[in-house]
Amino acid sequence: MATELKDLTKRSEDYSKWYNELVVKAELAEQADVRGCMVIRPYGYAIWEKMQRVLDDMFKETGVQNAYFPLLIPKSFLSKEAEHVEGFAKECAVVTHYRLKTNETHDGVVVDPAAKLEEELIIRPTSETIIWNTYKNWIKSYRDLPILCNQWCNVMRWEMRTRLFLRTSEFLWQEGHTAHATREEAEERAKQMLKVYAKFAEEYMAVPVIQGVKSETERFAGALDTYTIEAMMQDGKALQSGTSHFLGQNFGKAFDVQFLNKDNQVEYAWATSWGVSTRLMGALIMTHSDDNGLVLPPKLAPLQVVIVPIGKGDQMAMLDEKAKTIVKNLKAMGISVKYDNADNKRPGFKFADYELKGVPVRLVLGARDLEKGLVEVMRRDTLEKENVSIEGIETYIKNLLDEIQQNIYKKAVTYRDAHIYECDNYEEFKERIKDGGFFLCHWDGTEETEARIKEETQATIRCVPFMFEQTEGVDMVSGKPAKARVLIARAY
RNA sequence: CGGGAUGUAGCGCAGUUGGUAGCGCACUACGUUCGGGACGUAGGGGUCGCGUGUUCGAGUCACGUCAUCCCGACCA
């Protein structure tokens with residue numbers, strides 16, 4: 001498939017459009033014919049699978065096990081936790097019937113009114129309710145705790161407005177749900193999982209994140225505390241990339257999950273939940289991509305190295321032979337590599353296409369260079385080309401992949417840090433927020449101030465960040481005393 | 001759910017005062033090419049979103065309807 005790169009270059013003018021085109025052209029995903037839903041194409045799914053594998057291992061290292069709970073949730077479950085239902089009621093898809101029948105004119109189907117469900121079923125928007133309804137049966141004693149379950153699944157939230165990967169009606173995610181005997185243990189777990197997410201984002205996705213805790217209004221429905229990682233996209237907007245919630249005893253009480261503690265006292269179980277979704281794909285794309293297309297971190301790239309031969313008829317056999325050796329050696333080192341000797345596409349086309357897809361390293365195996373024992377190596381992050389001796393090329397590539405991984409992370413950190421500002425003047429803030437960026441501002445802690453900022457600037461309090469030293473000051477909006485600076489930004 | 005726009009080939013679009021459907025890319029075949037998105041020749045592909053109406057005649061006009069996209073509000 002040929003693609004016009006020129007279409008991708010005007011991202012400062014219309015970042016959303018650029019993002020959308022990139023996702024489609026790089027063959028990651030596309031809009032489904034179903035409202036608000038997305039088709040993830042094989043290349044995009046391969047990246048998601050890599051993410052899953054890494055995250056899954058990281059979870060397991062902390063003692064978490066995978067399980068699976070039903071897609072459909074009885075309506076009554078959702079109403080058991082007051083705040084929770086408040087938060088999700090507006091965006092639930094509801095199953096009301098279980099059968100269709102052919103219509104009177106026999107050219108279509110209609111819902112069979114006789115098949116109406118006694119109690120409607122909700123397609124899960126998140127699984128706290130059905131999982132805690134199950135935990136009720138599992139938990140009798142402190143000896144049954146903790147329970148540390150995770151599930152990889154799809155969820156559905158009937159969003160008004162959707163965007164590929166960032167917000168689709170159906171999305172893939174993992175949701176962890178833990179039950180604990182003590183408040184301390186649950187709080188510790190919520191923070192621990194946030195750290196896992198932050199580590200994954202930074203070490204694997206090469207996306208720097210700011211960890212923090214959400215304000216009350218931005219909290220997950222039913223949580224006592226919501227911890228978040230916030231990443232900055234190249235247009236200066238924030239993307240909430242993962243959340244971990246301390247749920248207190250809210251769900252324990254709502255679903256009557258009681259146990260006998262060590263002191264033989266009846267107590268409600270303490271809960272956490274935490275999740276990351278295919279939205280991470282959006283973070284990956286919007287953090288690193290450039291005008292030539294995707295830039296993937298080597299640790300998550302489905303294809304790390306591509307080899308393109310250039311030669312005429314009789315030279316090809318020799319190039320094929322040489323490539324075979326390199327491919328074999330790279331694979332032995334655990335590096336994924338493709339030798340693309342398809343003769344129905346010209347080299348120039350292949351170069352552009354693999355750049356669009358973000359393959360970290362490209363080798364050009366040319367008959368001309370090969371005589372000198374050289375091969376051209378191009379790194380996707382800087383687009384720099386270098387002629388390297390074919391002897392020991394495998395080690396060179398391995399080191400280069402590591403360097404690319406580090407370089408794109410550093411680049412993202414530099415970009416982000418250059419766009420974080422301290423600001424103490426609201427008028428100034430209102431002007432500067434238009435250009436994006438993260439603002440560290442004193443906040444008096446009131447909902448009124450928060451609402452006013454949102455109303456007047458479309459920016460929200462992303463979190464109270466952990467990584468910056470907190471100083472007391474004066475709220476820039478209300479002039480009232482403030483305990484700390486919070487992170488404010490426009491967000492996806 | 002409010003405001004705006006758009007539905008014509010897989011994608012992007014043109015289609016004049018109503019007169020029988022067109023361009024670019026992609027696709028298929030053959031040939032020449034192949035060191036940064038090749039070119040030539042020949043092809044295939046459309047009930048113009050759907051419905052009703054006006055008319056001798058509707059992609060074009062009217063009314064209705066459905067869908068999608070963008071901007072808000074809501075959200076991972």
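Aspartate 256 sits in the loop between helix H7 (250–254) and strand E14 (258–260), where helices (H or I, at least four residues) and strands (E, at least two) are DSSP runs numbered from the N terminus. The model is a predicted one, in which local features need pLDDT of at least 70 and side-chain atom pairs count only at pLDDT 80 or more, while totals for chains, interfaces and linings use all residues. Residues are numbered from 1 along each chain as its sequence is written, and chains are lettered from A and ligands numbered from 1 in the order in which they are written.

Most residues other than glycine have a negative phi, and most peptide bonds are trans. Aspartate 256 has a positive phi although it is not a glycine, and glutamine 458 likewise has a positive phi without being a glycine. Aspartate 256 counts as exposed because it has 12 C-beta neighbours inside 10 Å, and glutamine 458 is exposed, with 11 other C-beta atoms within 10 Å; a residue is exposed if 12 or fewer other C-beta atoms lie within 10 Å of its own, buried if 20 or more do, and partly exposed in between, with C-beta atoms placed from the backbone. The backbone angles are collected below.

| Residue or bond | Angle | Place |
|---|---|---|
| Aspartate 256 | phi about 55° | loop between H7 (250–254) and E14 (258–260) |
| Glutamine 458 | phi about 65° | loop between H14 (447–457) and E24 (460–465) |
| Glycine 358 | phi about 80° | just after H10 |
| Leucine 145 to proline 146, cis | omega about -5° | proline 146 in the loop between H5 (128–138) and E9 (147–156) |

Helix H10 (residues 347–356) has as its buried residues Asp353, Tyr354, Glu355 and Leu356. Their cover includes helix H1 (15–25), strand E17 (305–310) and strand E19 (361–366), contact being counted when two C-beta atoms, placed from the backbone, lie within 7 Å.

H10 also gives the largest share of the surface near RNA strand B, with 8 residues. In total 40 residues surround this strand, and the closest are Arg35, Met160, Gly348, Gly366 and Arg368; a residue is near when its C-beta atom, placed from the backbone, lies within 6 Å. The elements that give two or more residues to this surface are strand E13 (238–248), H10, E19, helix H11 (367–370) and strand E20 (374–379). By class, the surface divides into 15 nonpolar, 10 polar and 15 charged residues, where Ala, Val, Leu, Ile, Met, Phe, Trp, Tyr, Cys and Pro count as nonpolar, Asp, Glu, Lys and Arg as charged, and the others, Gly among them, as polar.

E19 and E20 belong to an open sheet of 5 strands with mixed pairing, in the order E18-E17-E19-E20-E21, and two strands pair if DSSP finds at least two bridges between them. The edge strands, each pairing on one side only, are E18 (337–339) and E21 (385–389), and the twist averages 25° from one strand to the next. E20 and E21 pair in the antiparallel sense over 5 bridges, and asparagine 387 in E21 is the bridge partner of glutamate 376. Helix H9 (residues 316–332) lies across E17, E18 and E19 and runs at about 170° to E17; axes are lines fitted to C-alpha atoms, for helices over the stretch in contact, and angles run from 0 to 180 degrees between N-to-C directions.
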